[in-house]
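Reader: I should like to understand how one reads a structure of this kind. May I put several questions to you in turn?

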Amino acid sequence: MLEGKRILVTGGTGSMGRTFVHRVLAGELGTPRKVIVFSRDEAKQHDMRMAYLHRTVTTDEVIFNNFRNVLEFRIGDVRDYGDVCSALKDADIVINAAALKQVPTCEYFPAQAILTNCLGAQNIVRAIEENSYPVGTVIGISTDKACKPVNVMGMTKSLQERIFIAANVLNRRTRFICVRYGNVLASRGSVIPLFHDQIRNGGPVTVTDPKMTRFLLPLDQAVDTVFAALRGARAGETFIPRAPSASVMNIAKALIGSRRIPIRLTGVRPGEKLHEIMVSEEEMHHCVKRGDYYVIRPMLPELRGGKASAGNALSREYSSGDNVLGLAATVRLLKRTRLRVEDQDFAANKELLR
């Protein structure tokens, strides 16, 4: 599917972007002609470049010896229309992972969240439309917080979804689709790295509310969702993985283990929900099951293409408060994904090259 393609990853130095690039370079969907990592953080780009240059062990990347010709780093900002045009002009596939995604940050600086999460998406759409760039597919990376949003981050991500979905109406040559998923385990700024730091420093571990639940998704499963959407999404559709959920309290207890470290309750932060929603009550009426994923079909009649071949997949909204893992199952999940404090690969921040 990616054989000979030019792939642009905006925000490609983030946790998801780095894992996506690693797996694309491994050739599991074919050998691409070019992978462009586009971001405004030169330090992260430098670290990522050096990690590939200085790797001394055998790698599974089938094109590793040729990566200098395949992997390209480009400084730029999705907020800047000129930067976006320059990066997009030869791309076949665009993965828009650039985002301001920290809930408190977006609450204090909502205008900045709009510029990155909304204007950035609109710049991609505008560049393709106004310049007739031959981009085949654009995938917007979204979040469960975009569903029934109560915070700025979720609101701007919800608008990003709508910007991409609506783009299909005026530009039929490009397929604009989205993926939406919950908390990615161990991604930057997520609760697990915070708990790791607190545990290594002797505590206390801070939990906002003992009843709070979150969907938990390994980085590789997040990338699997992107791959699945690339394979099977129709214009305007949103792919959603079926993921386990756990209480934040059990995550803390699972990571603490037998250590004598206290847990301190701090209260819900501005803009936080007790439970995240992946598919809302309104969306469930046009949500179908496709393989291992829920797919939200577009609401716009121009994109519906007649009746769905399958009936609605859900009879109620899809919430992290449903089917919550117990403590033992949470421990097993963290052990299986090597995200305990004693798993040195993560403790050393080696999420890029495994």
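Reader: What share of the area that the chain exposes do carbon and sulfur atoms supply?

Author: The model is a predicted one. In it the chain exposes about 15500 Å². The share of this area supplied by carbon and sulfur atoms is 51%.

Reader: How many positive and negative side chains does the chain have, and how far apart are the centres of the two sets?

Author: The positive side chains number 50 and the negative ones 36. Each set has a centre, and the distance between these two centres is 3 Å.

Reader: Why does the radius of gyration of the chain agree with that of a compact globule?

Author: The chain has 354 residues, and for that number a compact globule would have a radius of gyration near 20 Å. The C-alpha trace spans about 60 × 50 × 40 Å along its principal axes. The two radii agree because the value for the chain is likewise 20 Å.

Reader: Is Val135 buried or exposed?

Author: Val135 is found in the loop that lies between helix 6 (110–131) and strand 5 (137–143). Its relative accessibility is 1%, and the cut-off for a buried residue is under 20%. Val135 therefore counts as buried.

Reader: Which residues does Val135 touch, not counting those up to four places away in sequence?

Author: Neighbours up to four places away in sequence are set aside here. A contact requires heavy atoms within 4.5 Å. The residues that Val135 touches are then Leu88, Ala91, Asp92, Val94, Ile128, Arg173 and Thr174.

Technical notes. Residues are numbered from 1 along each chain as its sequence is written. This is a predicted model: local features need pLDDT of at least 70, side-chain atom pairs count only at pLDDT 80 or more; totals for chains, interfaces and linings use all residues. Side-chain values use heavy atoms; hydrogens and water are left out. Helices (H or I, at least four residues) and strands (E, at least two) are DSSP runs, numbered from the N terminus. Buried means under 20% relative accessible area, exposed over 50%, partly exposed in between (1.4 Å probe, protein chains only). The radius of gyration is taken over C-alpha atoms; the globule rule is 2.2 Å times the number of residues to the power 0.38. Accessible areas come from the Shrake-Rupley method with a 1.4 Å probe; for residues, only the protein chains shown count as cover. Lys and Arg count as positive and Asp and Glu as negative; His and the chain ends are not counted. The place of a charge is taken as NZ of Lys, CZ of Arg, CG of Asp or CD of Glu.
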